[in-house]
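Reader: I have a protein structure open and would like to go through it step by step. Could you answer some questions about it?

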Amino acid sequence: MSILIIEDDPKTGAYLKQGLRESGYAVDLARTGSEGLHMALEQQYELVVLDVMLPGIDGWEIMRVLRAQHDLRVIFLTARDHVNDRIRGLELGADDYLVKPFSFIELVLRIRTLLRRGGAREQEVLEVAGLRIDVLRRTVMREGVDITLTNKEFMLLHLLLRREGLALSRMQIAAEVWGMNFDSDTNVVDVAIKRLRAKIDQPFERKLIHTVRSIGYRFGDGS
């Protein structure tokens, strides 16, 4: 699932981008209205998180253009909390309206609700071979044992589970988990896999993370 954030405040934008990526979404960030509108029209997104007060084109105008040209789910996320602003946003065609300051968990729940309306229900709990992860609560358990992971380890495990049975290259993993272009001289992926294996594989008989020679890694029950 891909999300576009249009937010000019650097701290808020970075916070949203990191949090939504850690929640399992592919995320792009635009810092001006003009840039955001261009990206929304030229690229494929499932949802836009849109501020109102933006440099250049404001959120109201972006919403007008999107509704005229695109059937795209939009959540306004803004400090404008007057009831007339909420009404205006919804009348322009927004799917939801959330006021700053906001609860990140509430935002994720609203996003999940909107995305379910347009397609298959995204799984909040994933289970494979006795391993269970709760995506929303960010908990991991295997065979009844609680496992504590860092944020990056959780993102890596979530990616592997969502692509169960598929061989993922180091380049794919680095791009989705770290948001970086893979450098052959960088062993960040291999180090992270080693640490994740120590927590979810090493203490248990069945191994779930498998090395695919010359490619990368595959997740699944079986060699």
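**Salt bridges, sheets and confidence**

Author: Glu 106 is partly exposed, with a relative accessible area of 30%. The model is a predicted one.

Reader: Which residue forms a salt bridge with Glu 106?

Author: Helix H5 (residues 104-117) holds both partners, four residues apart, which is about one turn of the helix. The closest N and O atoms of the pair are 2.5 Å apart. The partner is partly exposed, at 23% relative accessible area. The residue is Arg 110.

Reader: Is Glu 127 buried or exposed?

Author: The side chain of Glu 127 meets that of Arg 132 in a salt bridge, at 4.0 Å from N to O. Arg 132 counts as partly exposed, at 36% relative accessibility. For Glu 127 the relative accessibility is 59%, and the cut-off for the upper class is over 50%. Glu 127 therefore counts as exposed.

Reader: How many residues apart in sequence are the parts tied together by Asp 190 and Arg 170?

Author: The side chains of Asp 190 and Arg 170 meet in a salt bridge, at 2.9 Å from N to O. Asp 190 lies in helix H8 (residues 188-200) and Arg 170 in helix H7, so the pair ties together parts whose separation in sequence is 20 residues.

Reader: Which strands stand at the edges of the sheet with the order S6-S7-S8-S9?

Author: This open sheet has four strands with antiparallel pairing. An edge strand here has a single partner strand, so one side of it is left without a neighbour in the sheet. The edge strands are S6 (125-128) and S9 (145-147).

Reader: Which residue in S9 stands opposite Val 140?

Author: Strand S8 (residues 139-142) and S9 pair in the antiparallel sense over three bridges. Opposite Val 140, in S9, stands Ile 147.

Reader: At about what angle does helix H6 run to S12?

Author: S12 belongs to an open sheet of three strands in the order S10-S12-S11. Helix H6 lies across S10, S11 and S12. The helix runs to S12 at about 70°.

Reader: Which element has the lowest mean pLDDT?

Author: Across the protein the mean pLDDT is 88, and 92% of the residues reach 70 or more. Strand S3 (residues 47-50) has the highest mean among the elements, 96. The lowest mean, 82, belongs to helix H7 (residues 170-178).

Terms used. Residues numbered from 1 in each chain as written. Predicted model: local features only at pLDDT ≥ 70, side-chain atom pairs only at ≥ 80, totals over all residues. Heavy atoms only, no water. Pairing = 2+ DSSP bridges. Helix = DSSP H or I, 4+ residues; strand = E, 2+ residues; numbered from the N terminus. pLDDT = per-residue confidence, 0-100. Contact = heavy atoms within 4.5 Å. Axes fitted to C-alpha atoms, helices over the stretch in contact; angles between N-to-C directions. Buried < 20%, exposed > 50% of the residue type's maximum accessible area, 1.4 Å probe, protein only.
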